[in-house]
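Work through the exercises below with the model open. Try each task before reading its solution.

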Amino acid sequence: MIGNETPAGGIDPGENPFPLVIGVTPSPAERIRLTELLDGVAPLLLVADLDELRRLITPPGPPAAVDPPPAVAPARAPDDALVVDGARSTARWGNREVVLTRLERDLLACLTAEPVRVWSYAELHRSVWHDEGLQRKADVQSLVKRLRRKLDRLGTGVTVVAVRGVGLRLTDHRRPRAQGSGDPPGGR
């Protein structure tokens, strides 16, 4: 070993720590502003959301030599149930399936966790976007619009309805069951 090198030939990060500023904002204008404000202060990593940051800083999975745990087959739901598969980010109705974005999956997971409950826009924003201060109703409405189209494409009677002055809830026009196997709100 020479100097700060580790046996593998790399630099030991514990020996020479350095500052790193991480900025998380979906706004390109804010990223430019942060770049200008922090120019020369420290290395700067800018990402659009926390999922992007997690992908960048999370170490790769275990080595291939380690046997993965045996896969557990999901319980087969009746054909008249909407099934949300959180691991695959899909929603299934009978033999039809649609791919969901992370936001659509998280919204549907919230709504199926307590199907009768009316969720306020602020609660949905916290559970889906994970941010306390930014409670933009338009974000939720846009996401709901896309999710309604996908649920309609599946041919379900399940949809998201607005409860005037309160928020949103999952409604089942044909009375089929909605079964959520996605991540519970806030539990990733």
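**Ground rules and overall contacts**

Contacts between residues 24 or more positions apart make up 47% of the chain's contacts with a separation of 6 or more, where contact means heavy atoms within 4.5 Å. This is a predicted model: local features need pLDDT of at least 70, side-chain atom pairs count only at pLDDT 80 or more, and totals for chains, interfaces and linings use all residues. Residues are numbered from 1 along each chain as its sequence is written, and side-chain values use heavy atoms, with hydrogens and water left out.

**Exercise 1. List the secondary structure elements in order.**

Step 1: Take helices (H or I, at least four residues) and strands (E, at least two) as DSSP runs, numbered from the N terminus.
Step 2: Count them. The chain has five helices and eight strands.
Step 3: Read along the sequence. The pattern is β-α-β-α-β-β-β-α-α-α-β-β-β.

**Exercise 2. Classify the packing of α4 against α5.**

Step 1: Locate the helices. α4 spans residues 121-129 and α5 spans residues 137-154.
Step 2: Find the contacts. Y121, L124, H125, V128 and W129 in α4 meet K137, D139, V140, Q141 and L143 in α5.
Step 3: Fit lines to C-alpha atoms over the stretch in contact; angles run from 0 to 180 degrees between N-to-C directions.
Step 4: Read off the geometry. The angle is about 75°, and the axes are 9 Å apart.
Step 5: Apply the classes: under 35 degrees is roughly parallel, over 145 roughly antiparallel, 65 to 115 roughly perpendicular, and the rest oblique. α4 and α5 are therefore roughly perpendicular to each other.

**Exercise 3. Trace the salt bridges of helix α3.**

Step 1: Set the rule. A side-chain nitrogen of Lys or Arg must lie within 4 Å of a carboxyl oxygen of Asp or Glu. The count comes to seven.
Step 2: Look inside α3 (residues 102-113). R102 and D106 both lie there, four residues apart, about one turn of the helix. Their side chains meet at 3.1 Å, N to O.
Step 3: Look outward. E104 bridges to R146, with the closest N and O atoms 3.7 Å apart. E104 lies in α3 and R146 in α5, so the pair ties together parts that are 42 residues apart in sequence.
Step 4: Assign burial: buried is under 20% relative accessible area, exposed over 50%, partly exposed in between (1.4 Å probe, protein chains only). E104 is buried at 2%, and D106 is buried at 6%. R102 is partly exposed at 23%, as is R146 at 32%.
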